[in-house]
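Biologist: I would like a close look at a single part of this model, starting from one side chain and its setting and then working outwards. Please take your time over it and keep the reasoning visible.

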Amino acid sequence: MCGIVGYIGNRNALPIAIEALKRLEYRGYDSSGTALLHNGELQIYKKQGKIIELERSLPEPSKCDGTIAIAHTRWATHGEPNEVNAHPHASCSGDLAIVHNGIIENYKLLREQLIELGHSFSSETDSEVLVHLIEQFMSTGIGLEDSVRESMKRVEGTYGLVVISKREPDKLIAVRKGSPLIIGINDNEHFVTSDVSAIIIHTKRVIYLQDSELCVVRRDGFEISTLDKASVKPQISVVDWDISAIEKGEFKHFMLKEIFEQPVTIDNGFRGRINQSMGTARLGGLHLPPFELRKVKQIHLIACGTSFHAALIGKYIIEDMARIPVHAEYASEYRYRNPIIPEDTLVFVISQSGETADTLAAMREAKAKGARVLGITNVVGSTVARESDGGAYIHAGSEIGVASTKAFTSQVTILSLLGIFLGRMNHLSAIEGTEYINELEKIPAKVEQILLLNDQIREIAASIKDCPNALYLGRGVNYPVALEGALKLKEISYIHAEGYPAAEMKHGPIALIDENMPVVAIATRDPLYDKIYSNLQEVRARKARLITIATHDDKELKNISEHVIYIPDTLNNLQPLLTVIPLQLLAYHVADLRGFDVDQPRNLAKSVTVE
């Protein structure tokens with residue numbers, strides 16, 4: 001959450017910082033601000049609202065040029081979203097400014113101590129204590145770098161922090177613990193950011209800071225060390241995607257672009273991971289030999305939000321194909337409930353960003369209890385990728401839209417491969433494994449067929465866009481898809497929506513149904529088709545506005561539905577890769593027709609890096 005930018009070089013820093021902030025706006029857009037050195041003075045500009053408001057408020061370029069700057073776009077945690085609480089925060093003297101991601105857990109105690117020492121606070125944020133704490137240490141005569149070190153030793157919580165000072169105008173100080181920071185490397189200029197998408201137009205050479213590492217960033221170089229001053233040899237990574245990945249191109253919104261990218265991203269998920277001759281998958285990143293995998297008696301899938309819905313689908317797939325008990329768990333609950341992790345349990349944590357705070361905490365809890373923990377993530381160099389014992393990248397590419405789409409189907413693709421892989425080690429025959437692989441390879445083309453229905457789905461969206469509520473129904477492996485469809489509608493259109501197992505509808509939710517209630521049902525041809533058809537008859541008897549996702553040759557559902565969206569057929573366990581696509585498009589078009597900012601829904605941020 002929140003976006004951080006820092007620049008030091010020979011170019012005018014402010015345009016670079018503002019452009020980088022725009023690429024980070026999906027991480028938070030309650031307020032934004034920047035601090036830069038101009039003629040030896042520290043200038044700070046802040047504004048409530050989106051970055052365009054900050055850009056409009058800046059003075060003419062000649063009054064705010066300079067070659068070193070920091071900037072921030074905020075998702076509010078402590079303190080309401082307003083100009084005062086926006087970052088950067090300045091010291092009492094005005095000589096020092098910081099931008100911060102994370103949460104300072106002991107900020108109240110630190111604030112009280114600093115007030116007693118004469119410091120004056122202007123905001124409600126926890127972050128402001130950091131700049132005063134650093135200022136306090138500098139007042140004792142030690143330099144900026146050591147003041148940051150000493151300050152961080154007294155801080156409890158998480159931080160991605162960048163500091164600028166007019167007393168030492170030739171450097172930025174960056175330090176992290178639990179909140180991502182990346183150093184971008186270029187000739188005679190360097191960058192600091194919380195997300196590589198902000199700087200990809202300038203450089204592809206980056207360093208991912210580790211926890212408790214501090215980086216002194218200069219125009220011509222940098223030094224990384226631990227908070228205890230131990231020197232760190234940096235590992236330079238090269239980002240393997242280009243600028244087109246973070247441009248909308250011909251699409252109105254990133255979300256729509258990312259929905260349409262799914263034929264490619266699903267293919268990227270399984271390409272090179274298929275062993276056709278053996279009817280199985282290749283998942284060498286698990287770093288587990290076959291004899292250890294055969295010992296696995298239980299699997300935990302841990303995630304949040306959309307990734308949790310992918311985990312629920314994974315539960316259905318792996319249990320069916322591998323006959324191994326699977327528990328899908330909310331990371332935010334797992335970390336606090338003292339989970340039982342028997343011997344021979346394999347734990348997977350699933351996170352698009354690899355930086356989700358609750359998921360990281362759950363991962364560490366599982367490791368502390370002795371579990372083998374593997375990660376399923378999208379971001380190379382992320383904390384999940386570094387701290388897990390192995391895993392798999394989903395290869396979805398940069399996902400800018402706050403409401404996840406292509407990352408979800410990529411996660412389900414990896415979980416399908418995992419089901420095949422573990423299934424072939426247990427009860428799945430080579431013929432069955434080959435059948436799944438052959439059908440998985442057909443999924444991208446079938447997604448393309450569904451995307452051709454975009455205009456039809458927009459017309460359906462127009463018919464329900466003013467409804468205050470919606471109900472989503474599914475059974476079996478499509479029940480989590482109903483949850484995901486309802487979440488998408490809630491996230492971006494602000495229509496109250498709930499997902500339910502179709503059979504549970506008559507145990508309460510049916511009381512809500514009347515002639516004004518849209519009910520979106522996934523009713524593809526599968527072993528539970530007759531059951532869900534009966535459930536939908538009950539819905540129709542209450543005059544609900546029934547929208548069904550159906551297999552292409554189904555004529556019966558047309559007789560009871562207001563709208564039917566026909567999709568290609570596939571194997572039962574692979575259906576979520578198809579059934580979710582119409583639900584993503586439906587949510588998108590409802591939100592767009594209602595006039596909302598689809599890519600930046602209110603109160604949300606892309607990566608939840610605070611608890």
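Modeller: One cut-off is needed before we begin: a residue counts as buried under 20% relative accessible area, as exposed over 50%, and as partly exposed in between. Please also keep in mind that this is a predicted model.

The side chain I would start from is tyrosine 330, which belongs to strand S18. Its relative accessible area is 41%, and because this value falls between the two limits, tyrosine 330 is partly exposed. Once its neighbours within four places in sequence are set aside, tyrosine 330 is in contact with Ala303 and Phe308. A further relation joins tyrosine 330 to alanine 362: the two are 32 residues apart along the chain, and their C-alpha atoms are separated by 9.1 Å.

Stepping back along the chain from this strand, we come to arginine 323, in the loop between helix H9 (305–322) and strand S18 (326–330). The phi of arginine 323 is near 60°, a positive value in a residue other than glycine. That deserves a remark, because most residues other than glycine have a negative phi. Arginine 323 has a relative accessibility of 54% and therefore counts as exposed. Aspartate 344, in the loop between helix H10 (331–334) and strand S19 (345–351), is another residue other than glycine with a positive phi, here near 65°. With 34% relative accessibility, however, aspartate 344 counts as partly exposed.

Helix H9, on the other side of the loop that holds arginine 323, packs against helix H16 (residues 479–493), with the two axes 8 Å apart and at an angle of about 170°. H9 and H16 are therefore roughly antiparallel to each other. On the H9 side the contact is made by Gly305, Thr306, His309, Leu312, Ile313 and Tyr316, and on the H16 side by Tyr479, Pro480, Val481, Leu483, Glu484, Leu487 and Lys488. Sorted by class, this contact of H9 with H16 has 8 nonpolar, 3 polar and 2 charged residues.

A second pair of helices offers a useful comparison. The axes of helix H15 (residues 454–464) and helix H18 (residues 576–593) come within 8 Å and cross at roughly 55°, and H15 and H18 are therefore oblique to each other. The crossing in which H15 passes H18 is right-handed. Residues from both helices make this contact, among them Ile457, Ile460 and Ala461 of H15 and Leu585, Leu586 and Val590 of H18. By class, the contact of H15 with H18 has 10 nonpolar, 2 polar and 2 charged residues.

Turning from helices to strands, strand S24 (residues 518–522) is mostly covered, since 5 of its 5 residues are buried. Pro518, Val520 and Ile522 point one way from S24 while Val519 and Ala521 point the other way, and all are buried. This can be set beside the general rule that in a regular strand the side chains alternate between the two faces of the sheet. S24 runs parallel to strand S22 (residues 469–474), to which 3 bridges join it, with leucine 471 standing opposite valine 519. S24 also pairs in the parallel sense with strand S25 (residues 545–551), over 5 bridges, and here proline 518 stands opposite arginine 545.

Elsewhere the pairing has the opposite sense: 8 strands form an open antiparallel sheet in the order S3-S2-S4-S1-S10-S9-S11-S14. Strand S3 (41–48) and strand S14 (237–238) stand at its edges, each with a single partner strand, so one side of each has no neighbour in the sheet. Strand S2 (residues 31–38) pairs with S3 over 8 bridges in the antiparallel sense, and one of these places histidine 38 with glutamate 41 of S3 as its bridge partner. Helix H1 (residues 13–24) packs on this sheet, where it touches strand S1 (3–8), S2, S4 and strand S10 (189–193), and the direction of H1 makes about 155° with that of S1.

One last local feature concerns the loop between strand S4 (68–74) and strand S5 (89–90), which holds proline 88. The peptide bond that joins histidine 87 and proline 88 is cis, with omega about 5°.

Technical notes: Residues are numbered from 1 along each chain as its sequence is written. This is a predicted model: local features need pLDDT of at least 70, side-chain atom pairs count only at pLDDT 80 or more; totals for chains, interfaces and linings use all residues. Side-chain values use heavy atoms; hydrogens and water are left out. Axes are lines fitted to C-alpha atoms, for helices over the stretch in contact, and angles run from 0 to 180 degrees between N-to-C directions. Helices (H or I, at least four residues) and strands (E, at least two) are DSSP runs, numbered from the N terminus. Angles under 35 degrees count as roughly parallel, over 145 as roughly antiparallel, 65 to 115 as roughly perpendicular and the rest as oblique. A crossing is left-handed if the near helix is turned anticlockwise from the far one by less than a right angle, and right-handed if clockwise. Contact means heavy atoms within 4.5 Å. Ala, Val, Leu, Ile, Met, Phe, Trp, Tyr, Cys and Pro count as nonpolar, Asp, Glu, Lys and Arg as charged, and the others, Gly among them, as polar. Buried means under 20% relative accessible area, exposed over 50%, partly exposed in between (1.4 Å probe, protein chains only). Two strands pair if DSSP finds at least two bridges between them.
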